[in-house]
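Grab your viewer and work through these short exercises. Each one comes with a solution you can follow step by step.

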Amino acid sequence: IGLTTLFFTGLLSISAVLIGVGLVNLIKPGRAISEETQKTLTSRYRDKAGENVSRANAAKPLGQTLVDLLPENPIQEMAGAVDGSSKGNGMLAVMFFALLTGIAATMRPAETQVLTGTLRGIYEISMTVIGWALKLAPLGAGCLVFSVTAQMGTDILLALAAFVGVVIGGLLLHLPGVYSLVLALFAKWSPVDFFRRVSSAMFVAFSTSSSSATLSTSLKVAHDELKLTPETANFVLTVGATGNQNGTALFEGVVVLFLAQVFGTELSLSQQITVVLMSVLAGVGTAGVPGGSIPLIIVVLKSVDVPADGIAIVLGVDRILDMSRTLVNVVGDLVVAACVDARLRSGGSLQQHGN
């Protein structure tokens, strides 16, 4: 079940990010601002912009980037990803190391029980602190939009409108397009019938902006409406609440490339591939709570040397996009659950649980 889930999660996440990155490169929403506004932004982040240019000129080839996925010193990479002193791939190497560590820990659950308990405690502390910060988010977002507009003029609003259009357009392509194709090919489901059955979970996801808050509804839909095997549905949906976030992965890729365009930073092919890889991995590591993707977007921005402070530009419009991408995330979890269930049934593994 785990391997099949991983396959479909990777398939949907990679396709989502590629759709987002492709739309940004095609429409170029960050170019909607005037040259004067771009100069103002660059001046505001002058020191960081200079570092970005010098680092971009010294960008590593793709082969070396792949080799650096394996960190020589994970602790050094963790510290270097924050202060810029990393000699490898920074946070991407940390994510890859964390992925391998997690897989290894699941293979030795008894021996690693203390470690996983400690990590769960750190996670709960982090989520609690983030929860406090999110209570101030609505007020902060309004202030950020006012501040950015007052300093940059209405040009930035046009760029934001184009940015919102690209994100919504990408989500619309992914939800009825990719999901329908995957359902028809792998689960033998009628997309219209599937979306009708999961509509209650879609409404809850859109209104709460939280995959975790929607989990109970998703489980009910999987059991009562889709008639999936309980063992499969419980595993896939519980893991998917934080581990399968296609909409978030698409959003993160679009944000990074949009801000790169806003600041006039040209990303090479290898850097865009890095954005794709990190967006997929960050989507796996994003907490299923409102605004949970923002901290990881900052990490991705730093990895390609785009000013992380620029995230303030998009925070004002993040709420409606958060609601939209959460809807895509939750439907993606149910799509994966349906595909995994169908594949395992066809292989005979779950015939004894047939409905």
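**Exercise 1.** Where is K28, and is K28 buried or exposed, or in between?

*Solution.* K28 is placed in the loop between α1 (2–27) and α2 (35–44); helices here are DSSP runs of H or I with at least four residues, numbered from the N terminus. Before going on, note that this is a predicted model, where local features need pLDDT of at least 70, side-chain atom pairs count only at pLDDT 80 or more, and totals for chains, interfaces and linings use all residues. Residues are numbered from 1 along each chain as its sequence is written, and side-chain values use heavy atoms, with hydrogens and water left out. Now the accessibility: K28 has a relative accessible area of 38%, so call K28 partly exposed (buried is under 20%, exposed over 50%, partly exposed in between, with a 1.4 Å probe and protein chains only). Last step, the backbone: phi of K28 is positive, about 55 degrees, although K28 is not a glycine. For background, most residues other than glycine have a negative phi.

**Exercise 2.** Find the loop that holds K188 and describe its backbone and accessibility.

*Solution.* Look between α9 (155–187) and α10 (191–197): K188 sits in that loop. Phi of K188 is near 60 degrees, again a positive value in a residue other than glycine. With 67% relative accessibility, K188 counts as exposed.

**Exercise 3.** Work out how α12 and α13 pack, and which residues do the touching.

*Solution.* Start with the geometry: α12 (residues 211–225) and α13 (residues 230–243) pack at an angle of about 160 degrees, with axes 10 Å apart. Axes are lines fitted to C-alpha atoms, for helices over the stretch in contact, and angles run from 0 to 180 degrees between N-to-C directions. The two helices are therefore roughly antiparallel to each other (the label applies over 145 degrees). Their crossing is right-handed, meaning that the near helix is turned clockwise from the far one by less than a right angle. Next, the contacts (heavy atoms within 4.5 Å): S211, L215, S218, L219, A222 and H223 in α12 meet P230, A233, N234, L237, T238 and A241 in α13. Sorted by type, the contact residues are seven nonpolar, five polar and no charged. Ala, Val, Leu, Ile, Met, Phe, Trp, Tyr, Cys and Pro count as nonpolar, Asp, Glu, Lys and Arg as charged, and the others, Gly among them, as polar.

**Exercise 4.** Now do the pairing of α9 with α14.

*Solution.* These helices pack at an angle of about 150 degrees, and their axes are 10 Å apart. That makes α9 roughly antiparallel to α14. The α9/α14 crossing is right-handed. On the α9 side, the contact residues include F163, V166 and L171, and on the α14 side they include L250, F251 and F258. The contact of α9 with α14 divides into eleven nonpolar, four polar and no charged residues.

**Exercise 5.** Which partners do the side chains of Q245 and T118 reach?

*Solution.* Take Q245, found in the loop between α13 and α14 (246–262). Q245 is buried, at a relative accessible area of 3%. Its side chain makes a polar contact with the side chain of T248 at 3.2 Å (a pair of N or O atoms within 3.5 Å; within protein, one must be able to donate a hydrogen and the other to accept it, and residues adjacent in sequence count only if both atoms are side-chain atoms). T118, by contrast, lies in α7 (residues 113–135). The side chain of T118 reaches the backbone oxygen of V114 at 3.0 Å. T118 is partly exposed, at 45%.

How values were computed. Angles under 35 degrees count as roughly parallel, over 145 as roughly antiparallel, 65 to 115 as roughly perpendicular and the rest as oblique.
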